[in-house]
Amino acid sequence: MSKSLDPALAAGNRRPLADYAAKHFRWECRDRVAHITLSRPERKNPLSFESYAELRDLFEQLRFAPDVRAIVLSGEGGNFCSGGDVHEIIGPLIDLPAPELLMFTRMTGDLVKAMRHCPQPIVAAVDGVCAGAGAILAMASDLRYGTARSKTAFLFARVGLAGCDMGACAMLPRIVGQGRAAEWIYSGRALGGEEAERWGFFNRLVEPEALLEEATAFARTLADGPAFAHSLTKSMLHHEWSMDIDSAIDAEAQAQALCMLTEDFGHAYRAFAAKTKPVFEGR
């Protein structure tokens with residue numbers, strides 16, 4: 001039998017978010033699957049200073065949300081995200097002094113950090129335009145579903161900026177390989193969905209009308225699975241980048257031992273044993 005959590009401890013570590021009221025995008029949570037929808041379709045869902053900050057803060061809060069187990073990130077109106085709003089972000093940045101520019105670039109980087117550190121797996125549903133910071137949001141998600149008509153571009157070089165933005169030079173090579181990442185970032189060209197899938201950026205392609213349904217269905221399987229174990233898997237997938245193999249194996253041994261203490265492990269054993277009588281062998 002599980003023990004109830006001390007109310008004082010719960011108050012410091014649990015903050016339900018199913019009823020969160022978003023200001024700069026749409027938020028909905030059904031049965032532990034949250035949907036974040038970028039919702040400025042008339043401009044292909046660009047980001048503003050305010051939406052950057054709210055997304056960063058929301059993903060940080062998700063670390064403490066027991067009522068959210070998986071997240072689907074998408075855009076409204078047939079496009080994912082066109083990046084930073086040209087008029088609301090790019091224009092004002094030209095006139096800012098260095099300290100304020102650094103405040104902005106650190107804020108955008110903090111959004112990616114928050115996405116990586118939140119325990120819930122994030123499934124990006126990418127259709128249409130996925131450019132600049134929008135491509136970064138897709139990259140920073142844990143899985144990516146795309147469509148054949150999607151166009152994904154890391155545009156920084158085309159606007160006079162380095163491709164090393166928001167973790168792109170660290171994360172993209174691990175997804176598509178060093179050579180392909182270099183070509184993609186240097187050129188700033190847009191990859192169609194089929195090429196992006198061949199490169200390994202997309203986990204799979206689906207028809208546009210089925211994209212959100214398919215992404216949600218996979219997120220549902222994650223939400224219905226072992227939440228603590230999935231959170232450790234996500235953590236290890238990120239943290240083991242900087243570990244040597246021996247350290248990674250030792251860290252995984254500790255993580256797996258922790259999982260064996262959870263109710264999920266016991267439930268899985270009993271369910272499996274019931275289907276494979278008379279003996280459950282191994283783990």
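Which residue in E2 does Glu28 stand opposite? In this predicted model, the residue across from Glu28 is His35. That pair belongs to a longer run of pairing, since strand E2 covers residues 33-38 and 5 bridges join E2 to E1. The two strands run antiparallel, and together E1 and E2 make a hairpin with 2 residues between them. One residue in the turn, Asp31, has a positive phi of about 50 degrees.

E1 also shows a neat alternation of side chains. Trp27 and Cys29 point to one face and are buried. Arg26, Glu28 and Arg30 point to the other face and are not buried. Two residues from that second group come together: the side chains of Glu28 and Arg30 meet in a salt bridge, with 2.8 Å from N to O. Are these two partners tucked away, or do they see some solvent? Glu28 has a relative accessible area of 37%, so this residue is classed as partly exposed. Arg30 gets the same label, partly exposed, because its relative accessibility is 39%.Zooming out, the hairpin is part of a bigger arrangement. An open sheet is built from 6 strands in the order E1-E2-E3-E4-E6-E9, and the pairing in this sheet is mixed. Strand E1 (26-30) and strand E9 (204-205) are the edge strands, each pairing on one side only. At the E9 end, 2 bridges link E9 to strand E6, which spans residues 143-146. E6 and E9 run parallel, and Tyr145 sits opposite Arg204 in E9.

There is also an open sheet of 3 strands, ordered E5-E7-E8, again described by mixed pairing. Strand E5 (129-131) and strand E8 (191-192) have a single partner strand each, so one side of each has no neighbour in the sheet. E5 pairs with strand E7 (residues 151-153) in the parallel sense, over 3 bridges. One bridge partnership here is that of Ala131 with Ala153 in E7.

Helix H5 lies across E5 and E7, and runs at about 90 degrees to E5. How many residues of H5 are buried? The count is 8 of its 8 residues, so to speak a mostly covered helix. The buried residues are Ala133, Gly134, Ala135, Ile136, Leu137, Ala138, Met139 and Ala140.

H5 has a helical partner too. Helix H5 (residues 133-140) packs with helix H6 (residues 168-176) at an angle of about 55 degrees, and their axes are 10 Å apart. H5 and H6 are therefore oblique to each other, and their crossing is left-handed. On the H5 side of the contact are Ile136, Met139 and Ala140. These residues meet Ala168, Met171, Leu172 and Ile175 in H6. A general point about helices helps with reading such a list: an α-helix has 3.6 residues a turn, so residues three or four places apart point the same way.

A residue from helix H4 joins in here as well. Val112 has its place in H4, which covers residues 98-117. Is Val112 buried or exposed? Val112 is buried, because its relative accessible area is 5%, and the cut-off for buried is under 20%. Leaving aside residues up to four places away in sequence, Val112 touches Ile136, Ala140, Met166 and Met171. Ile136 and Ala140 belong to H5, and Met171 to H6, where they also take part in the contact between those helices. Val112 and Ile136 are 24 residues apart along the chain, while their C-alpha atoms are separated by 8.0 Å.

Finally, back to charged pairs. Across the whole structure, a search finds 13 salt bridges. Besides the one between Glu28 and Arg30, Asp57 forms a salt bridge with Arg56, and their closest N and O atoms are 2.9 Å apart. Asp57 counts as partly exposed, because its relative accessibility is 31%. In another case, the side chains of Glu195 and Arg189 meet with 2.8 Å from N to O. Glu195 is partly exposed at 21% relative accessibility, and Arg189 is partly exposed with a relative accessible area of 28%. Salt bridges can also be chained together: Arg40, Arg43, Asp85 and Glu88 are joined into one network by salt bridges that share partners.

Key. Residues are numbered from 1 along each chain as its sequence is written. This is a predicted model: local features need pLDDT of at least 70, side-chain atom pairs count only at pLDDT 80 or more; totals for chains, interfaces and linings use all residues. Side-chain values use heavy atoms; hydrogens and water are left out. Two strands pair if DSSP finds at least two bridges between them. Helices (H or I, at least four residues) and strands (E, at least two) are DSSP runs, numbered from the N terminus. Buried means under 20% relative accessible area, exposed over 50%, partly exposed in between (1.4 Å probe, protein chains only). Contact means heavy atoms within 4.5 Å. A salt bridge is a side-chain nitrogen of Lys or Arg within 4 Å of a carboxyl oxygen of Asp or Glu. Axes are lines fitted to C-alpha atoms, for helices over the stretch in contact, and angles run from 0 to 180 degrees between N-to-C directions. Angles under 35 degrees count as roughly parallel, over 145 as roughly antiparallel, 65 to 115 as roughly perpendicular and the rest as oblique. A crossing is left-handed if the near helix is turned anticlockwise from the far one by less than a right angle, and right-handed if clockwise.
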